[in-house]
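Visitor: I have a structure on my screen and no idea how to read it. Could you walk me through a few features?

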Amino acid sequence: MADWLAALDRRAELRAKAGLTRRLHPRTADDAVVDLAGNDYLGLSAHPEVVAAAAKALAEYGLGATGSRLVRGSTAAHHALEDTLAGWLGTDRALVFSSGYLANLGAIRALVRPRTLLVSDAHNHASLIDGCRISGAQTVVTPHADVTAVAAALAAAPGQPAVVVTESVFSVDGDLAPLTELHAAAREHGALLLVDDAHALGVTGPAGAGAVAAAGLAGEPDVVVTATLSKALGGAGGVVAGPAGYVRHLVETARTFIYDTALPPAVAAGVRAAVELAQAGDDRRAELVERAAHAVRRLRAAGLDVSRPDAAVVSVTAPGPEAATAWAAACRDRGVAVGCFRPPSTPDSRSRLRLTVSAGPSRAEFDHALEVIVECAP
């Protein structure tokens with residue numbers, strides 16, 4: 001019995017030497033840090049209308065959904081949210097899962113049939129990578145945002161059903177996938193396109209409908225959209241949206257939907273209120289764009305290597321994993337929370353701080369946070 005625990009201890013020691021130790025940092029409800037690490041892009045998680053909608057549903061339904069969606073877990077709050085999301089995303093139907101991770105696992109598996117080829121971007125999120133693995137389908141990983149490589153992979157498998165799998169705004173560096181070109185390549189070869197719109201939903205596109213809508217692909221019959229509801233919408237859960245026949249197939253076959261307890265009704269109601277606010281939030285989106293551009297200017301002026309933000313994610317290169325960890329800790333000690341991304345979370349083995357720009361903090365707080373990041377740089 002002790003041998004396996006000793007092996008785990010040894011692996012923990014090796015991670016520590018490589019600067020890859022991970023720790024939990026609990027926060028209190030009155031936490032006063034300037035948050036550039038969380039994903040509450042539009043500052044909606046504590047919006048009075050969102051909280052009121054959730055509180056009303058909490059009083060009506062209680063804490064949990066009490067079952068899976070196909071048993072007792074489907075409530076009017078879930079169906080109202082799905083109708084609202086489908087209308088916003090411009091799709092036939094939408095289906096809500098209890099997390100974005102599970103939505104991606106279920107969405108990919110439901111697209112796989114015998115001989116299916118999955119063509120996955122090298123920088124895809126772990127949930128997409130795991131979805132490809134769990135599906136059991138042949139998977140080709142193509143260089144990041146390389147449409148030519150995607151087209152070549154599809155051309156090399158004539159007659160096979162295929163799915164191109166990509167994020168829209170990539171979660172590590174915040175760059176935007178060439179969705180129009182990827183869709184054209186997929187359609188030319190009879191393939192489907194699955195887009196995880198997690199970091200674009202609420203932030204880009206008409207009325208915040210995301211990068212798929214911004215690319216003019218909303219409602220296309222060969223496009224499936226997934227997203228988490230925990231970023232710009234400030235809640236929890238995930239969604240898969242697309243043609244009605246595909247969503248019906250998910251309801252009847254997706255294991256991560258069928259065998260999972262449903263999202264709490266209070267969360268579904270709160271997220272629906274957040275969607276309505278996000279749709280009318282052009283001013284908040286404009287503020288995000290301006291803040292992201294300002295952050296890049298300030299950090300580059302300090303000599304830091306900063307990504308170009310296509311939405312609200314700003315990536316700042318660190319010298320290595322230990323330096324990234326120390327940098328993030330120094331910022332936290334001075335009241336600023338920043339994301340710290342190190343291998344294996346980074347697809348290119350490069351460590352960085354990830355700043356998620358938010359409309360929540362005041363402009364003075366945001367500017368102060370940028371100065372702290374510069375002053376704490378290794």
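**Salt bridges first**

Guide: Count the salt bridges to begin: there are 16. Keep in mind that this is a predicted model.

Visitor: What makes a pair of side chains a salt bridge?

Guide: A side-chain nitrogen of Lys or Arg must lie within 4 Å of a carboxyl oxygen of Asp or Glu. Take Arg187 and Glu220: their closest N and O atoms are 2.8 Å apart.

Visitor: Which parts does the pair Arg187 and Glu220 tie together?

Guide: Arg187 belongs to helix α8 (residues 179-188). Glu220 sits in the loop between α9 (211-214) and β7 (223-228). So the bridge ties together parts that are 33 residues apart in sequence. Now check the surface. Arg187 is partly exposed, at 43% relative accessible area. Glu220 is also partly exposed, at 23%.

Visitor: How many residues apart are Glu287 and Arg291 in their helix?

Guide: They are four residues apart in helix α13 (residues 282-301), so about one helical turn separates them. Their side chains meet in a salt bridge, 2.6 Å from N to O. Glu287 is partly exposed, with 26% relative accessible area. Arg291 is buried, at 4%.

Visitor: Which residues do shared salt-bridge partners join into one network?

Guide: Look at Glu290, Arg297, Arg363 and Asp367. Start from the bridge between Arg297 and Glu290, where the closest N and O atoms are 3.6 Å apart. Glu290 is partly exposed, with a relative accessibility of 33%.

Visitor: Let's turn to helices. Which residues of α6 are buried?

Guide: Buried means under 20% relative accessible area. In α6, residues 126-135, that applies to Ser127, Leu128, Gly131, Cys132 and Ser135.

Visitor: Why do those residues lie on the same side of α6?

Guide: Think of directions around the helix axis. The buried residues cover an arc of only 140°, which puts them on the same side of α6. Now turn the helix over. The face away from the buried side carries Arg133 and Ile134, both exposed.

Visitor: What covers the buried residues of α6?

Guide: The cover includes one helix, α5 (100-111). Strands take part too: β3 (117-121), β4 (138-142), β5 (162-167) and β6 (192-196) are among the covering elements.

Visitor: Which residue follows α6?

Guide: Gly136 does. Check its backbone angle: phi is positive, near 80°.

Visitor: Now a single residue. Is Thr256 buried or exposed?

Guide: Compare its accessibility with the 20% cut-off. Thr256 has 18%, so Thr256 counts as buried. You will find Thr256 in helix α11 (residues 255-258).

Visitor: Which backbone oxygen does the side chain of Thr256 reach?

Guide: That of Leu102, at 3.0 Å. Next, list the contacts, leaving aside neighbours within four places in sequence. Thr256 then touches Phe97, Leu102, Leu105 and Gly106.

Visitor: Last stop, the surface. Which residues make a nonpolar patch?

Guide: Trp4, Leu5 and Leu8 make one of about 290 Å². Find Trp4 in helix α1 (residues 2-17). Trp4 has a relative accessible area of 48%, so Trp4 is partly exposed.

Conventions:
Residues are numbered from 1 along each chain as its sequence is written. This is a predicted model: local features need pLDDT of at least 70, side-chain atom pairs count only at pLDDT 80 or more; totals for chains, interfaces and linings use all residues. Side-chain values use heavy atoms; hydrogens and water are left out. Buried means under 20% relative accessible area, exposed over 50%, partly exposed in between (1.4 Å probe, protein chains only). Helices (H or I, at least four residues) and strands (E, at least two) are DSSP runs, numbered from the N terminus. The arc is that of the directions from the helix axis to the C-beta atoms. Contact means heavy atoms within 4.5 Å. A polar contact is a pair of N or O atoms within 3.5 Å; within protein, one must be able to donate a hydrogen and the other to accept it, and residues adjacent in sequence count only if both atoms are side-chain atoms. Patches are made of residues with over 30% relative accessible area and no salt bridge: like charges are joined within 9 Å, nonpolar side chains (Val, Leu, Ile, Met, Phe, Trp, Tyr) within 5 Å. Accessible areas come from the Shrake-Rupley method with a 1.4 Å probe; for residues, only the protein chains shown count as cover.
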